[in-house]
Amino acid sequence: MRGLLLVCPLLVLACQSSKNSLPPGALNLPDVPLSSAPFDVVHCAFKETLDQPYVFLELRGSYTATGRNLPELAKRMTEQGVTPSGPPFALFYDDPADVPIENLRSRIGFPVESVGSVRAPLQADVLRSSTVAYALVNGPYPEVPRCYPGLLAYVKKMHWALAGPIREIYHVAPSQVSDWSALRCEVQAPVSMAP
């Protein structure tokens, strides 16, 4: 229980420490309209991202378990004195329609200011700068993948191809809201010109 109490402040701090975060009560207007279930319409745009160092846990198996590893990641980071520089995110590498559930690859991570040495099971890497198509989604985080078809339709409409794992950035900690509709996730799809 004591370990869990140490992890919770780290999660709250990380979700609030985004470089774009505003003071409590400030109006934070997204740069694209929020998309909501049932995702008949998914509002998308594109932008360039910069190199982002991050610390993560490498996972294999059902994507539904990826987010459940966030407390373990936060605990390991606290033990090793690693401080997040922004909200947590997940990377999803495989299409569940093409890859058996037990072989699905994902990562749960936190951005950091710089990649230092970390001890296993933590690992460190850098998300390289890229063009990403993205959508901002509100509602329960397990519902977020329902927006993927709309985001991927936008990628196709722009004559791009998916060029890396889909990234979900969790901007609001579930422990900080009383209504799931207040949760905010940014879904990014790295892209390149279609062949």
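**Close-up views of a predicted model**

**View 1. A charge over a ring: Arg 167 and Phe 89.** In this predicted model, the charged end of Arg 167 sits over the ring of Phe 89, at 4.2 Å from the ring centre. Arg 167 also turns up among the residues in contact with Val 187, and Phe 89 is one of the members of a second, separate nonpolar core.

**View 2. Lys 47, with a ring and a carboxylate for company.** Here's another charge over a ring: the charged end of Lys 47 sits over Tyr 134, 4.4 Å from the centre of its ring. Lys 47 also has a salt bridge to Glu 186, with N and O 2.7 Å apart. Glu 186 belongs to strand S9 (residues 184-193) and Lys 47 to strand S1 (residues 45-49), so this pair ties together parts that are 139 residues apart in sequence. Which of the two partners is buried? Glu 186 is, with a relative accessible area of 7%, while Lys 47 counts as partly exposed at 27%.

**View 3. Loop to loop: Asp 51 and Arg 128.** Side chains of opposite charge can pair when their charged atoms come close. Asp 51 and Arg 128 form a salt bridge, and their closest N and O atoms are 3.3 Å apart. Both ends sit in loops: Asp 51 between S1 and strand S2 (52-60), Arg 128 between strand S5 (123-127) and strand S6 (130-138), so the bridge ties together parts 77 residues apart in sequence. Asp 51 is partly exposed, at 42% relative accessible area, and Arg 128 is exposed, at 56%.

**View 4. One helical turn, and a three-residue network.** Lys 75 and Glu 79 meet through their side chains in a salt bridge, 4.0 Å from N to O. The two residues are 4 apart in helix H2 (residues 70-79), which means about one helical turn between them. Lys 75 is partly exposed at 35% relative accessibility, and so is Glu 79 at 47%. Elsewhere, Glu 58, Arg 107 and Asp 125 are linked in a salt-bridge network. The count of salt bridges in the model comes to 8.

**View 5. The largest nonpolar core, and a second one.** In soluble globular proteins, nonpolar side chains tend to be buried together. The largest core here has 37 residues, and Leu 73, Met 77 and Val 187 have the most contacts inside it. Which elements give two or more residues to this core? They are S2, H2, strand S3 (89-92), strand S4 (105-111), S6, helix H3 (148-157), strand S8 (166-170) and S9. Take Val 187 and set aside its neighbours within four places in sequence: its contacts include Ala 133, Ala 135, Val 137, Val 144, Cys 147, Leu 151 and Ile 166. Tyr 134, Tyr 148 and Glu 168 are also among the contacts of Val 187. A second core, separate from the big one, has 6 residues, including Tyr 54, Phe 56, Phe 89 and Leu 127.

**View 6. Rings together: Phe 46, Tyr 154 and Trp 160.** These three residues form one aromatic cluster, and the model has 6 aromatic pairs. How are the rings of Phe 46 and Trp 160 arranged? Their centres are 5.2 Å apart and their planes are at 80 degrees, so the pair is edge-to-face. Phe 46 lies in strand S1 and Trp 160 in strand S7 (residues 160-162), so the pair ties together parts that are 114 residues apart in sequence. Phe 46 is partly exposed, with a relative accessible area of 43%, whereas Trp 160 is buried at 13%.

**View 7. Backbone oddities in the loops.** Two peptide bonds to look at are cis: Ala 37 to Pro 38, with omega near 15 degrees, and Ala 120 to Pro 121, also with omega near 15 degrees. Pro 38 sits in the loop between helix H1 (2-16) and S1, and Pro 121 in the loop between S4 and S5. Phe 39, found in the loop between H1 and S1, has a positive phi, near 65 degrees, although this residue is not a glycine. His 159, in the loop between H3 and S7, likewise has phi near 65 degrees. Buried or exposed? Phe 39 is buried, with a relative accessible area of 9%, and His 159 is exposed, at 58% relative accessibility.

Key
Residues are numbered from 1 along each chain as its sequence is written. This is a predicted model: local features need pLDDT of at least 70, side-chain atom pairs count only at pLDDT 80 or more; totals for chains, interfaces and linings use all residues. Side-chain values use heavy atoms; hydrogens and water are left out. Buried means under 20% relative accessible area, exposed over 50%, partly exposed in between (1.4 Å probe, protein chains only). A nonpolar core is a set of buried Ala, Val, Leu, Ile, Met, Phe, Trp, Tyr and Cys residues joined through side-chain atoms within 4.5 Å. Contact means heavy atoms within 4.5 Å. Rings of Phe, Tyr and Trp (its six-membered ring) pair if their centres lie within 6.5 Å; planes under 30 degrees apart count as stacked, over 60 as edge-to-face and the rest as tilted. A charge sits over a ring if NZ of Lys or CZ of Arg is within 6 Å of the ring centre and within 35 degrees of the ring normal.
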